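Please find below a colleague's note on the model under review. The points are numbered so that each may be checked against the coordinates.

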Amino acid sequence: MTDSIMSKAATMEIPINSNGDTGTLPEDDSLEQAAKLQWSLDEKVGSSRGTRDLQQVMVSGPNLNETSIVSGGYGGTAEGIIPTSSIKGPAVRYNAEFNKRIPVTGFDLRTMARRSSVPPTNSVTCHIASYSHECQGSNMHHSSSSSSMMAEQTTRGVAVEKLETVKKWGLNTYKCTKQIISERFGRGSRTVDLELEAQIEVLRDTKRKYENVLRLARALTNHFYNMVQTQHALGDSFAELSQKSPELRDEFGYNAETQKLLCKNGETLLGAVNFFVSSINTLVNKTMEDTLMTIKLYENARLEFDAYRSDLEELSLGPRDAVAMARIDAAQQQYHVHKDKYERLRSDATIKLKFLEENKVKVMHKQLLLFHNAISAYFAGNQQQLEQTLKQFSIKLKPPGADKPSWLEEQ
């Protein structure tokens, strides 16, 4: 009886799914395909014990004492339901080493057989690819969002800093404008250093006069240059006429030599005058201008100091509550800051004015002596004294045509 039941159990199909319910499977999920998968597992794992366990599962099925086996087709008996307790055979045993050798989770044997026999379709492949792209896209989205948050925080910090700068500038401008208006209408007081203010006025007047001297010296240079060029052209004309007029050869020759000598001395004088103009230009537009820039900073610091001083005086005359005392403390701090700035720039302006006066005396002494000696030697016709003057002041004359570009540069 037991042998007949075992033979029937070997030929019948046991449709038990992963939940323990009975059902039907398609034709590709047969025991023959499961057996093929069994032999492939034998080749990979190489375990006889795992093979016997797998065969026992395929032949005897799981040891379910609370269920029954329903025979279908294959010429089954009329009993219909065969109790599983009557089937003798080894139960399914758990083999931990077998699971380690085949690390497959979430799939049963029938699912593996089905996948081994049915090739993956395009839909499955597309689903896997789309899932990987979604994972990559989520990672990229996370990184981009974090970077955008960092950029937003940086931009916000820069905007806050700019806003604070504009706020301070606006408050300072308002106070200074108020101080200027009050000074012009005689309502406010200003800090005055009489000695320094007098020196500043002298410097500005001196700068205006030196600018006038510089303008006239440049005009003299331009006119004298044109005269030298005219003398040079006149000397060439006399020399040409001396060759073409035999009866006036000597007279044209004398005049040609005289004009050439005057042209040579004129070029020497032009070198001295150009050096004089260059030195005056440096003194006026660089040295004096630098000192005036420091004076301008000093005047701005004086205006800010008076503005914050007036603000502190107005707060001191007001009420003495907690809010007013806090404002007075803040105004005192700003007052001391601008006072230190004002005193520092006043000291800088005083020092620069002193150095400028010393430098101006040295430079103008040298340049005025040069200008006098050069002009006197030229109009006296003393060529040797004129050349000696240039050597005394270390002035090197450029050869004629030195300012013109070479033939290669023109090409």
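1. In this predicted model, a network of salt bridges links E183, R302, D306, R309 and E313. One member, D306, is placed in helix α8. Is D306 buried or exposed? With a relative accessibility of 0%, D306 counts as buried, since the cut-off for that class is under 20%. Setting aside neighbours within four places in sequence, the contacts of D306 are Q179, E183, S189, R190 and T191. E183 is thus named both among these contacts and in the salt-bridge network.

2. The count of salt bridges in the model comes to 16. Among them is the pair K207 and E289, whose closest N and O atoms are 3.5 Å apart. K207 belongs to helix α7 and E289 to helix α8, so this bridge ties together parts that are 82 residues apart in sequence. As for accessibility, K207 is buried, at a relative accessible area of 11%, whereas E289 is partly exposed, at 31%.

3. Two further salt bridges lie within helix α7 and may be read side by side. K209 meets D205 with an N to O distance of 3.2 Å; these two residues of helix α7 are four residues apart, about one turn of the helix. K244 and E240 likewise form a salt bridge, with their closest N and O atoms 3.2 Å apart, and this pair in helix α7 is also separated by four residues, about one turn. On the lysine side, K209 counts as exposed at 52% relative accessibility, and K244 counts as exposed at 61%. On the acidic side, D205 is partly exposed at 28%, and E240 is partly exposed at 45%. The value for K209 deserves a careful reading, because the exposed class begins over 50%.

4. The largest nonpolar core has 42 residues, and L203, I295 and Y298 touch the most other members. Which elements give two or more residues to this core? They are α7 (194-244), α8 (249-316), α9 (322-380) and α10 (383-392). Helix α8 gives the most, with 17 residues. As general background, nonpolar side chains in soluble globular proteins tend to be buried together.

5. I295 merits inspection as one of the residues that touch the most other core members. Apart from neighbours within four places in sequence, I295 is in contact with I200, L203, R204, A349 and L353. This list includes L203, which is itself named with I295 and Y298 as touching the most other members of the core.

6. The structure holds seven aromatic pairs. One of them joins F238 and F252 in a tilted arrangement, at 6.0 Å centre to centre and with 40° between the planes. F238 lies in helix α7 and F252 in helix α8, so the pair ties together parts that are 14 residues apart in sequence. Both F238 and F252 are buried.

7. For F276 and F371, the ring centres are 4.9 Å apart and the planes stand at 35°, so this pair is also tilted. F276 is in helix α8 and F371 in helix α9, so the pair ties together parts that are 95 residues apart in sequence. The two rings belong to residues of unlike burial: F276 is buried, with a relative accessible area of 4%, while F371 counts as partly exposed at 26%.

8. Ring pairs also link Y298, F305, Y335 and Y342 into a cluster. Y298 has a second role, as it is among the residues that touch the most other members of the largest nonpolar core.

9. One backbone point should be checked. Phi of S394 is near 55°, a positive value in a residue other than glycine. S394 is found in the loop between α10 and α11 (407-410), and at 61% relative accessibility S394 counts as exposed.

10. For the chain as a whole, there are eleven helices and two strands. From the N terminus on, the elements run α-α-α-β-β-α-α-α-α-α-α-α-α. Buried residues make up 26% of the 411 residues. Of the contacts between residues at least 6 apart in sequence, 77% join residues at least 24 apart. The chain exposes about 29,100 Å², of which carbon and sulfur atoms supply 57%.

Terms used:
Residues are numbered from 1 along each chain as its sequence is written. This is a predicted model: local features need pLDDT of at least 70, side-chain atom pairs count only at pLDDT 80 or more; totals for chains, interfaces and linings use all residues. Side-chain values use heavy atoms; hydrogens and water are left out. A nonpolar core is a set of buried Ala, Val, Leu, Ile, Met, Phe, Trp, Tyr and Cys residues joined through side-chain atoms within 4.5 Å. Buried means under 20% relative accessible area, exposed over 50%, partly exposed in between (1.4 Å probe, protein chains only). Contact means heavy atoms within 4.5 Å. A salt bridge is a side-chain nitrogen of Lys or Arg within 4 Å of a carboxyl oxygen of Asp or Glu. Accessible areas come from the Shrake-Rupley method with a 1.4 Å probe; for residues, only the protein chains shown count as cover. Rings of Phe, Tyr and Trp (its six-membered ring) pair if their centres lie within 6.5 Å; planes under 30 degrees apart count as stacked, over 60 as edge-to-face and the rest as tilted.
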